[in-house]
Structures are given as structure tokens and as C-alpha cells.
Amino acid sequence: MSGTGLVVLLAALALATAVGLVLRARNGRVRTTTGAGSPDGWALTGAAPDGAEQVLLLQLSSPVCTPCRQTAGVLGELAATEPGVRHVEIDVADRPDVARALSVMRTPTTIGFDRAGRELLRVSGVPRRAELDAALAPELRGRPA
Amino acid sequence: MSAPDGSGAPARSTDPPLDPRGVRFAAGLTTVVLALVLVSGSGWLAAAQALVFAAGAFAGMRFAPYGVLYRLAVAPRLGPPAEREAAAPVRFSQTVGFVFATVGAVGYLSGLTVLGIVATAFALVAAFLNAAFGFCLGCEMYGLLARARAARA
């Protein structure tokens, strides 16, 4: 028996539990961001908003990433049913410059931009659909651009 | 709506995709073994866990012992997985685990007990995060490294 080892074990489990709870609370949560000084997502991806499109949901993914596929499912469905939303998925292995410009470390990360290219929100992990809908509602109700 | 740009890229690993429940089962067993290493101070147990990591990391995830145990003893009792996850990041995380478990074993066996404890504790935190929360630290590292490689290329 090692008394030190037991103490270290309990401390390590406590630390890991705290980290895990923080990660779980953050995962998929929609955080509204001010976007002051952040680059224009439309310009970064070479996309331009069509007539009805008010919001760009830019998804940064990596090739081997299970939650990225789930995120693409959630955002693809949203874009298919909501004409005001454009979903663009990019692979950070192909476009590390985009990840760098937007200071994205983890995949999947989703960043919402308004029609003018201002950053609205960020989501790390698979977005929670209800939170995303609520966060986008003001933009999609035809706020003057 | 769009397709991912990298959808046509060839897979970097030949390992078939994994049942995520098996990955967490293996992380749970790893957590228990590493906890026993800390409590007992046994360098040989740390060395045994290093060998378990080595099998998955160097031979492939098909040969990872805890994964084999899952497929034989647990998976038949469960339904098929709703989805599977790519093996390459998990395999990389086994390599990271191998390094930490090996350093831990060398520390305990050579009398550098503090080194053994610290290395084992790091591996335990990573294994526990995966087992309890489904968060794979090694897989996150794999993603960042893959990006760094792509940026250099």
C-alpha cells in the first residue's frame, strides 16, 4: 500500500471529474460572441449570401471526428428547413488558415456569422438545436441588415 | 448545405471503425488498473498496462486486449452500435498512454517513485475523462497534430 499513491489517486479523480464536468457543460452550448474584430466568415470561405440568407453557420471539422458528422447532420437539417441559414463545412486539415484566423483549436466548432459577416455565436461540440434556434431567431426574423 | 472538403481523402489507418462503447469500456478498465498501480505502487502492473497500450498502439486496435475482451464478453449482450468512430485517433491515444505507462513503470521500478506516481496519475486522468465523460484527450491531440502536419505540408 502506498499512502501517497492513494492521496494522488483521489486528487487525480477529483481533478478529472472537475475538468469533465466543465467540458460537458461547455460541449454543444451556444455562446453568443460579440465578434468585434473577428474576420468575416463569408469572405474566409469564399461564400456570398444569396437573397434570403441571413446567417452563415461555418463548421470547422477534421477528417476523423465522429461529433463532426453529427454536427453536420444537425446543421444540414437546419439549413435544409430554414432558407435564411447557409451551412458550410470546412476541413481544418485543408484550410488551417481559416482555423487560425478564427482561433479555433477544437473540432467540431461552429461559428455563426450574420449577413454582414459579423460573428454572432460559437459552439464547441455538437450544437444543441433548441439553443441554436433561439440564438438565431432574432437574425432570421428579418432584422434590417 | 455542403459536403466536407476532405470527404474524398484516403483513410490514414487500416483499422476498421470502433464501437464507441468498447472504447469507453477499455478506458474504464484502464482507469481501474492505473488506480491499482497508484495504490499498490507496483511498477510491474504499470508495465503490464504499458504492454496493453502497446498492443493497440503498435499492432492495431483489433489486437488491443481490452477491446478484444469487450467484443467477446460485452458486445454480444448489447445491440449493434448506433454509430462507429474512427480508429486512428483512438489508436494514437493508446500510443500516448503507452508512453506515460512506460515512464510510470520505469519510475516505480528504478526507485524514482515520484516519477512513477506523476506519470501514472496523468494517464489515469486521461483514461478517466474518456471512461466517465467520453472525452478523449489523446484524440484531441491527434486532431491538433494532424492539423499541424497539414499546415507544414
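What follows helix 1 of chain A, and what is the sign of its phi? The residue is A:Gly28, with a positive phi near 85°. The model discussed here is a predicted one, and chain A makes a handy starting point.

Overall, chain A has 145 residues, and 39% of them count as buried. Its C-alpha atoms fill a box of roughly 70 × 30 × 30 Å along the principal axes. Five helices and five strands make up its secondary structure, and reading along the sequence gives the pattern α-β-α-β-α-β-α-β-β-α. Among contacts in chain A with a separation of 6 or more, 76% come from residues 24 or more positions apart.

Back to helix 1 of chain A, which covers residues 3–26. With 24 residues, this helix reaches 35 Å from its first C-alpha to its last, close to the 34 Å expected at 1.5 Å a residue. Four of its residues, A:Gly5, A:Leu9, A:Ala12 and A:Ala16, are buried. What do they pack against? The buried residues of helix 1 of chain A turn out to pack against chain B, namely its helix 1 (20–40) and helix 5 (113–133).

That leads straight to the interface. Here, 37 residues of chain A are in contact with 32 residues of chain B. On the chain A side, the elements giving two or more residues are helix 1, helix 3 (66–81), strand 3 and helix 4 (96–101). Helix 1 of chain A gives the most, with 13 residues. Sorted by class, the side of chain A that touches chain B has 22 nonpolar, 10 polar and five charged residues.

Next comes the sheet. The five strands of chain A form an open sheet in the order 1-5-4-2-3, with mixed pairing. Strand 1 (30–32) and strand 3 (85–91) of chain A each have a single partner strand, so one side of each edge strand is left without a neighbour in the sheet. From one strand to the next, the twist averages 20°. Within this sheet, strand 2 (residues 55–61) and strand 4 (residues 109–114) of chain A run antiparallel to each other and pair over six bridges. A:Leu56 sits opposite A:Phe113 of strand 4 of chain A. Helix 5 (residues 129–140) of chain A lies across strand 1, strand 2, strand 4 and strand 5 (119–124) of chain A, and runs at about 35° to strand 1 of chain A.

The loop between helix 4 and strand 4 of chain A has a couple of backbone features to point out. A:Pro108 is found in this loop, and the peptide bond leading to A:Pro108 from A:Thr107 is cis, with omega near -5°. A:Ser103 lies in the loop between helix 4 and strand 4 of chain A too. Although A:Ser103 is not a glycine, its phi is positive, at about 55°. A:Ser103 counts as exposed because it has 10 C-beta neighbours inside 10 Å, against a cut-off of 12 or fewer.

Over in chain B, helix 1 and helix 3 (residues 65–74) pack at an angle of about 120°, with their axes 9 Å apart. Helix 1 of chain B passes helix 3 of chain B in a right-handed crossing. Helix 1 of chain B brings B:Gly22, B:Phe25, B:Ala26, B:Leu29 and B:Thr30 to the contact, while helix 3 of chain B brings B:Tyr66, B:Gly67, B:Tyr70, B:Arg71 and B:Val74. By class, this contact has six nonpolar, three polar and one charged residues.

Notes. Residues numbered from 1 in each chain as written. Chains lettered and ligands numbered in written order. Predicted model: local features only at pLDDT ≥ 70, side-chain atom pairs only at ≥ 80, totals over all residues. Expected span 1.5 Å × (residues − 1). Buried ≥ 20, exposed ≤ 12 C-beta atoms within 10 Å, placed from the backbone. Contact = placed C-beta atoms within 7 Å. Pairing = 2+ DSSP bridges. Axes fitted to C-alpha atoms, helices over the stretch in contact; angles between N-to-C directions. Nonpolar A, V, L, I, M, F, W, Y, C, P; charged D, E, K, R; others polar. Left-handed = near helix turned anticlockwise from the far one by under 90°.
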